[in-house]
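Reader: Hey, can you walk me through this one? I'm new to reading structures.
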Number of protein chains: 2
Amino acid sequence: MSAVLTVGVLGGMGPDATVDFMAKVLAATPAGSDQDHVHMLIDHNPHVPDRTRAILGKGGEAGAVLAQMAKQLQQAGADMIVMPCNTAHAFQPDIEAVLDVPFVSIIDETVAACAAFEAVGLLATKGCLASGIYDNALSAAGVRAVMPDDAETTAFMKLTASIKAGDSGPEVGTRMLQLANALVSRGAQAVIAGCTEIPLVLDQSMLDVPLVSSTDILAEATVAYALGQKDLNHKRQGSMA
Amino acid sequence: MSAVLTVGVLGGMGPDATVDFMAKVLAATPAGSDQDHVHMLIDHNPHVPDRTRAILGKGGEAGAVLAQMAKQLQQAGADMIVMPCNTAHAFQPDIEAVLDVPFVSIIDETVAACAAFEAVGLLATKGCLASGIYDNALSAAGVRAVMPDDAETTAFMKLTASIKAGDSGPEVGTRMLQLANALVSRGAQAVIAGCTEIPLVLDQSMLDVPLVSSTDILAEATVAYALGQKDLNHKRQGSMA
């Protein structure tokens, strides 16, 4: 089987999460040699302005930077674009505005994987929650979002800062699990790992309910679209068509 | 500390080795947040024609493909180029011919790390050995290369094929260790992991002599050059200077 599409990856948000995503793309690819793998062009740019700060109106031109990166990946030959950072999807309209190739949303793919549940917990950054991208999509899919409260979100931001600073140890994992279990205690039948730092410390074996890892779902969708196992046409932009 | 240079990475040879290299770049970077990390542009292209076949004259335009990839990375903003694949360095002249920015050689960096030894073992692909890139550089540095024989090289190629097909299990590691120890028994004071697949199955804890991992050495050099801790000027190309 040979890959059909070249995948552009808006990465570096965070760095470890991008490497984790790439490893999961490789693991999801049926390959017997190098040549069977998917061609990826990765802009691993850890200098994209802080997404949560930009969403909260505290400054930074994250949307413009991401749009420029996406345009350059398209010019370099990417046939589709993905971004293994949930929060940055608040800027999806800025990105899509400059693209003629499809952008595959981690939010849409993750929410589609939640259709069987009535209520799902949502672990995500303060900016991601403030943007409403996940609860709007869940609501449209008829799934109730069980949200963290302000104290839990503050605790979550501290944990992701620790992970981004290189601490993915068991103590951080235990605290992340407590946040997930709090959502379960309030009715969540599954928990969305709606931030690509989460799977670096939390895995399915630690939870009693399904962990819906946005990283894994985007990796699997990326391979399926790239190899033509899933149809991208319905996602294609119209501007140059 | 903020990164100074954007690093272009010729990757995908093999895919797991590139992800391993990226993870080692992140681990080698002194970082407290995303923004402290190095900006990398990665062309993760597993479809580069087989390097060993090209070196042995069996076909494939590996050099031309790598040169085109490198030029595009430079055009996209890369200030330096690295390639976490030893064998592909047989095409370094093709790559440097089209670049105006420095190319940091995994061979040169690895050989520089061997200066303290009189004799080092060399585990590398058939193409890498046939090209002579490692033993020429070792000879110039006054270090004797202890080379695998034909049967050992055939065995090595089977092991790297297994790794590229997704098998990095303990049995492959044990067989790789046997090849390393055969070089030690013939006088090697250290063993060069001169193929970026090797560290996926063999680590220092398994050997009684130093394992000189070309992946680790290139990752550390990449960070040092990107952050300005080591001077790249002596490597700068002259064509546009």
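Reader: In what order do the four strands of the open sheet in chain A sit?
Author: In this predicted model, the order is β5-β4-β6-β7, with parallel pairing. Strands here are DSSP E runs of at least two residues, and helices are H or I runs of at least four, numbered from the N terminus; two strands pair if DSSP finds at least two bridges between them.

Reader: Which are the edge strands?
Author: β5 (144-146) and β7 (211-213) of chain A, each pairing on one side only. From one strand to the next, the twist averages 35 degrees.

Reader: And which strands does helix α9 of chain A lie across?
Author: Helix α9 (residues 170-185) lies across β4, β5 and β6 of chain A, at about 150 degrees to β4(A). Angles are taken between N-to-C directions, from 0 to 180 degrees, using lines fitted to C-alpha atoms, for helices over the stretch in contact (heavy atoms within 4.5 Å).

Reader: New topic: how many disulfides over all chains?
Author: Zero. A disulfide needs two cysteine sulfur atoms within 2.5 Å.

Reader: Why no bond for A:C128?
Author: Because the closest cysteine sulfur, in A:C195, is 7.9 Å away, too far for a bond. A:C128 is also buried, at 1% relative accessibility (buried is under 20% relative accessible area, exposed over 50%, partly exposed in between, with a 1.4 Å probe and protein chains only).

Reader: Any fine print?
Author: Local features need pLDDT of at least 70 and side-chain atom pairs 80 or more, while totals for chains, interfaces and linings use all residues, and side-chain values use heavy atoms, without hydrogens and water. Residues are numbered from 1 along each chain as its sequence is written, with chains lettered from A and ligands numbered from 1 in the order written.
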